[in-house]
Amino acid sequence: MGPKTQRVYETIRSWIESGRYAPGDKLPSERTLSSDLDIGRTALRQVLARLASERFIKAHDRSAYRVAGGTGVPTPSDLPAWQVHGSRRIYENRWVNLDLVDVEPPGVERFEHHVVRLHHVAITAVVDDQNRVLMLWRYRFVPQQWGWELPGGIVDAGEDPAATAARETEEETGWRPAKIEHVVTYQPMIGMVDSPHEIFVARGATHVGEPTDAEEAGHVAWVPLDEIPGLMSEGKLMGSGTLVALLHLLSSRPTAAQ
């Protein structure tokens, strides 16, 4: 995309992300967009095709588009939650805490449930203009395995997770990511482990030197996104954060069908 086309893409995307057009809303016609944004119809259609491929919008009718979403998934509201009567810590250090939590599920006798409490972490998928993702080839002694991972680490107390994502990427790879966007926050083992994972994506990065985190650094490489499904099937991708971020990239990239 040229600068003008990119500007129009960012403008329409900002309308959607800011809520100016909510899920299910119809966008203005191509004629109106072309006039209001001062862009030719051919270039505008390139922008709309990209937004559709990234699932921000979807075709509604001939030359008409709606913002993706809007139908919603019904959320049950009348189900009782587990009651928590208290907890006690049975092990604690700077990395891992273990609690016994006194819980009472609906219709079940109360009991003590083990809960492992780990740190809040941030993980970043950096993608360049050649559709390659910045990764590390590392050895992990717990599974006794080599594999590819995305850079990431612990969110320090009071630190913005986005700042953690940028800092850890630079420390572990020597590349400083461009603007970082939040994708999702999730829990990798929700039944017994409390460890919020923040996933970020950055488009582009600047090489600023060698990695400075000797303990976490590995072999740094730009891996083509097209190779990710093969690495996944071979079991060469390690960690849920890496998998979640890469699956997001794969699901949101343009496809020939679109």
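**Notebook: helix faces, a helix pair and positive phi values**

I began with helix H4 and looked up which of its residues are buried: Pro161, Thr164, Ala165, Glu168, Thr169, Glu172 and Thr173. Viewed down the axis of H4, these buried residues lie within an arc of 125°, so they line one face of the helix. I note here that the model is predicted.

I then checked the length of H4. The helix runs over residues 161–173, which is 13 residues. From first C-alpha to last, H4 reaches 18 Å, close to the 18 Å expected at 1.5 Å a residue. After H4 comes glycine 174, and I recorded a positive phi for this glycine, near 85°.

**Whole chain**

I looked up the overall make-up next. The chain holds six helices and 15 strands. Of its 258 residues, 36% are buried. I took the extent along the principal axes, where the C-alpha atoms fill a box of roughly 65 × 55 × 35 Å. For contacts between residues at least 6 apart in sequence, I found that 58% join residues at least 24 apart.

**Helix H1**

I turned to H1, residues 3–17. H1 has 15 residues, and its span from first C-alpha to last is 21 Å, close to the 21 Å expected at 1.5 Å a residue. I listed its buried residues as Thr5, Val8, Tyr9, Ile12, Arg13, Trp15 and Ile16. Down the axis of H1 they fall within an arc of 150°, so they line one face of the helix. On the other side of H1, I found Pro3 and Glu17 exposed. H1 is followed by glycine 19, with a positive phi near 90°.

**H1 against H3**

Which angle and axis distance describe the packing of H1 and H3? I read an angle of about 45°, with the axes 10 Å apart, for H1 and H3 (residues 41–53). That makes H1 oblique to H3. I entered the crossing of H1 and H3 as right-handed. From H1, the contact is made by Thr5, Gln6, Val8, Tyr9, Ile12 and Arg13. From H3, the contributors are Ala43, Leu44, Gln46, Val47, Leu48, Arg50 and Leu51. I compared the entries for H1: Thr5, Val8, Tyr9, Ile12 and Arg13 are listed in this contact and are also among the buried residues of H1.

**Serine 34**

Is serine 34 buried or exposed? I found serine 34 buried, with a relative accessible area of 15%, which is under the 20% cut-off. Serine 34 sits in helix H2, residues 30–36. Setting aside neighbours within four places in sequence, I recorded contacts of serine 34 with Ile39, Gly40, Arg41 and Leu44. Leu44 also appears on the H3 side of the contact with H1.

**Positive phi outside glycine**

I looked last at residues other than glycine with a positive phi. Most residues other than glycine have a negative phi. Aspartate 38 has a positive phi of about 55° although it is not a glycine. I located aspartate 38 in the loop between H2 and H3. Aspartate 38 is exposed, with a relative accessible area of 52%.

Arginine 55 also has a positive phi, near 65°, and is a residue other than glycine. I placed arginine 55 in the loop between H3 and strand E1 (57–61). Arginine 55 is partly exposed, with a relative accessible area of 45%.

Note on methods: Residues numbered from 1 in each chain as written. Predicted model: local features only at pLDDT ≥ 70, side-chain atom pairs only at ≥ 80, totals over all residues. Heavy atoms only, no water. Helix = DSSP H or I, 4+ residues; strand = E, 2+ residues; numbered from the N terminus. Expected span 1.5 Å × (residues − 1). Buried < 20%, exposed > 50% of the residue type's maximum accessible area, 1.4 Å probe, protein only. Arc of directions from axis to C-beta. Axes fitted to C-alpha atoms, helices over the stretch in contact; angles between N-to-C directions. Parallel < 35°, antiparallel > 145°, perpendicular 65-115°, else oblique. Left-handed = near helix turned anticlockwise from the far one by under 90°. Contact = heavy atoms within 4.5 Å.
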